[in-house]
Amino acid sequence: MDDEAMIARRRGAMTGGIPPGRSRGRLADEVYDTLLGQMMSLRIEPGSRVTIDALARELGVSQTPIRDALNRMEAEGLVVRVPHAGYRIPPQITRHRFEDMLEVRLLLEPAAARRSAERASLQQVAGLRRLLDEMAELEGGGGLMAYGAFGLRDAAFHDLVALSAENQVIREALARLHTHVHLFRLLHDTQVTHLAMAEHEEVLAAIAARDPDAAAYAMRRHILRSGERFRRLFDEAKGADGMVAEA
């Protein structure tokens, strides 16, 4: 499967069952995407336990693609194997991990956006526009499933920017962070999606205009503003802990 086909597959991944008639590898990919969507929508909650048997029944597939997908997720740190008890979803990221992730994104993603403005094909620019159009349709949707679907497309947008930059090392480094999985698990808030949409539009406009400086600036501003939105969660949690300690 080529890179743009992979992005299209992730864009289409939803949180329901898996369509029949797929090869083992394709099924494992679709199970992987489905589980990501469920994690980002909090349908599978941090700290919860999942088993191969239960997932096979829920998704209507055999245990083999479930096992393949979970093995991949374990290697990427998205699930933890529990001996004789299936798998466990890790807890939310810590404040320290969040800040480290933000620092790496600020180093890599503006550079990717700059190169994208210089190198993106017309097809890739059109792909970015399609993703934003799909995100706009989901933005006003209620419920966790719509939020998770928005998150998958948000991740695909950033991945396509990195792909169009034609720097595989940057793309691989960003993919290993699984930024959107961790961030979207922190909060279900439609205001977050609304603000992100406007910032994505600025990034795309600069890429489409072939303006490298504006693209890098827009991406940096998006990441900084996103960091501010999610940083408040950690500050609020810390304040609540302090009030409990004083009570």
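Here is a short chat about a predicted model of a protein chain.

User: What makes up the secondary structure of the protein chain?

Analyst: There are eleven helices and three strands. Starting at the N terminus, the elements go α-α-β-α-α-β-β-α-α-α-α-α-α-α. As for burial, 47% of the 247 residues count as buried.

User: Why is Thr 34 called buried?

Analyst: The cut-off for buried is under 20% relative accessible area. Thr 34 has a relative accessible area of 3%, so Thr 34 is buried. You'll find Thr 34 in helix H2, which covers residues 24-40.

User: How far apart are Thr 34 and Leu 152, in sequence and in space?

Analyst: In sequence they are 118 residues apart, while in space their C-alpha atoms are 9.9 Å apart. On the whole-chain level, take the contacts with a separation of 6 or more: 76% of them come from residues 24 or more positions apart.

User: Let's move on to H8. Which of its residues are buried, and how do you know that they line one face of the helix?

Analyst: H8 spans residues 168-177, and its buried residues are Ile 170, Arg 171, Leu 174 and Leu 177. Look down the axis of H8 and those buried residues fall within an arc of 120°, so they line one face. The general background helps here: an α-helix has 3.6 residues a turn, so residues three or four places apart point the same way.

User: What does the face of H8 turned away from the buried side carry?

Analyst: That face has the exposed residues Val 169 and Arg 176.

User: And what makes a polar contact at the start of H8?

Analyst: Asn 167 has a side-chain oxygen that comes within 3.1 Å of the backbone nitrogen of Val 169. The limit for a polar contact is 3.5 Å between N or O atoms, so this pair is inside it. Just after H8, there's also His 178, with a positive phi of about 50°.

User: Why are H5 and H9 called oblique to each other?

Analyst: Helix H5 (residues 95-119) and helix H9 (residues 179-186) pack at an angle of about 135°. Roughly perpendicular stops at 115 degrees and roughly antiparallel needs over 145, so an angle of about 135° lands in the oblique class. H5 and H9 are therefore oblique. Their axes are 12 Å apart, and the crossing is left-handed.

User: Which residues meet where H5 and H9 pack?

Analyst: From H5 come Phe 98, Met 101 and Arg 105, and they meet Thr 179, His 180, His 182 and Leu 183 of H9.

Notes: Residues are numbered from 1 along each chain as its sequence is written. This is a predicted model: local features need pLDDT of at least 70, side-chain atom pairs count only at pLDDT 80 or more; totals for chains, interfaces and linings use all residues. Side-chain values use heavy atoms; hydrogens and water are left out. Buried means under 20% relative accessible area, exposed over 50%, partly exposed in between (1.4 Å probe, protein chains only). Helices (H or I, at least four residues) and strands (E, at least two) are DSSP runs, numbered from the N terminus. The arc is that of the directions from the helix axis to the C-beta atoms. A polar contact is a pair of N or O atoms within 3.5 Å; within protein, one must be able to donate a hydrogen and the other to accept it, and residues adjacent in sequence count only if both atoms are side-chain atoms. Axes are lines fitted to C-alpha atoms, for helices over the stretch in contact, and angles run from 0 to 180 degrees between N-to-C directions. Angles under 35 degrees count as roughly parallel, over 145 as roughly antiparallel, 65 to 115 as roughly perpendicular and the rest as oblique. A crossing is left-handed if the near helix is turned anticlockwise from the far one by less than a right angle, and right-handed if clockwise. Contact means heavy atoms within 4.5 Å.
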